[in-house]
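Biologist: I am new to this structure and would be glad of a close look at a single part of it. Could you take me through one piece slowly, and then show me how that piece sits among the rest?

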Amino acid sequence: MRLFIAIRFDSEITTALKQLQASLKDCGLKGHYSSEENLHLTLAFIGEYGNPEKVLDAMKAVEFEEFPVEFFGFGHFGIYHWVGIEENPYLMSYVKRLRSSLRENGIPFDSKKFKPHITLAGRGRFMDGKVRYPDKIPEIKTTVRSVALIKSEQGKDGSIYTVLGEVKCTE
């Protein structure tokens, strides 16, 4: 099964992210926009792995306190267009510890450098070929209180995500 660890957002934040998607559409970005229920911040992409309980155990071994995240600016990795996360030492430290726990437990994951972002659209292109994002975004902040292990399956209309477990912050 295809797995990843991510931060999921409440309805207030997903509504704000949908508004960011609308602003990209207004700028002429054509593509496949992520559905509201699939908007997330990936912390570790595991890929095909058949033991979700082992992954959850590795996640539970990494305690964390709640922490804020703030969104800023647009960017892209080729055809994938995203909104970024403001520099956040606590988030970076948590991801480093989480990935260390995965490694120590023999769980494979994509070890590319972590660049925190939320993918808003895939297969995206601007009609005239020129990338042009809105100059700024509205202030969007949230507090992270849990991380989720998510299974991804391909459905007829795109990816279907199922939460297999969640680890909450320490009180």
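Modeller: Let us begin with strand E4, which covers residues 67-77 and pairs with strand E7, residues 141-144, in the antiparallel sense over four bridges. What follows is read from a predicted model. Within this pairing, Pro68 of the one strand stands opposite Thr143 in E7. Strand E4 has a further pairing, again antiparallel, with strand E5, residues 80-85, and this one runs over six bridges; here Phe77 faces Tyr80 in E5. E4 and E5 together form a hairpin with two residues between them, and in the turn Gly78 has a positive phi of about 60 degrees.

From this hairpin we can follow the contacts inward. Phe71, whose number falls within the 67-77 range of E4, is listed with Ile5, Leu17, Leu43, Val55 and Ile118 as the residues that touch the most other members of the largest nonpolar core, a set of 50 residues. In soluble globular proteins, nonpolar side chains tend to be buried together. Ile118 is a good place to see how distant parts of the sequence meet, for once its neighbours within four places in sequence are left aside, Ile118 is in contact with Phe71, and also with His81, Trp82, Val83 and Ile85, as well as with Phe9, Leu17, Leu39, His40 and Leu41.

His81 leads on to another strand, since among the contacts of Leu29, again leaving aside neighbours within four places, are His81, Leu24, Ala121, Gly124, Arg125 and Phe126. Leu29 lies in strand E2, residues 29-33, and has a relative accessible area of 2%, which makes it buried. The C-alpha atoms of Leu29 and Thr42 are 23 Å from each other, although the two residues are 13 apart along the chain.

Thr42 falls within the numbering of strand E3, 40-48, and this brings us to an open sheet of four strands, ordered E3-E1-E8-E9 with antiparallel pairing. Strand E3 and strand E9, the latter spanning 158-168, stand at the edges with a single partner strand each, so one side of each is left without a neighbour in the sheet. Neighbouring strands of this sheet are turned against each other by 25 degrees on average, direction ignored. Inside the sheet, strand E1, residues 2-8, is joined to strand E8, residues 146-155, by five bridges, the two running antiparallel, and Ala6 stands opposite Ala148 in E8. Helix H3, residues 89-104, packs on the sheet, where it touches E1, E3 and E8, and its direction makes about 15 degrees with that of E3. On the other side of E8 in the strand order comes E9, and these two pair in the antiparallel sense over ten bridges, forming a hairpin with two residues between them; Gly155 has Gly158 in E9 as its bridge partner.

Stepping back, the secondary structure of the chain comes to three helices and nine strands, which follow one another from the N terminus as β-α-β-β-α-β-β-α-β-β-β-β. The radius of gyration is 16 Å, close to the 16 Å that the globule rule gives for 171 residues, so the chain is as compact as a globular protein of that length. Buried residues make up 46% of the chain, and of the contacts with a separation of 6 or more, 76% are between residues 24 or more positions apart.

Note on methods: Residues numbered from 1 in each chain as written. Predicted model: local features only at pLDDT ≥ 70, side-chain atom pairs only at ≥ 80, totals over all residues. Heavy atoms only, no water. Pairing = 2+ DSSP bridges. Axes fitted to C-alpha atoms, helices over the stretch in contact; angles between N-to-C directions. Contact = heavy atoms within 4.5 Å. Core = buried A, V, L, I, M, F, W, Y, C linked by side-chain atoms within 4.5 Å. Buried < 20%, exposed > 50% of the residue type's maximum accessible area, 1.4 Å probe, protein only. Rg over C-alpha atoms; globule rule 2.2 N^0.38 Å.
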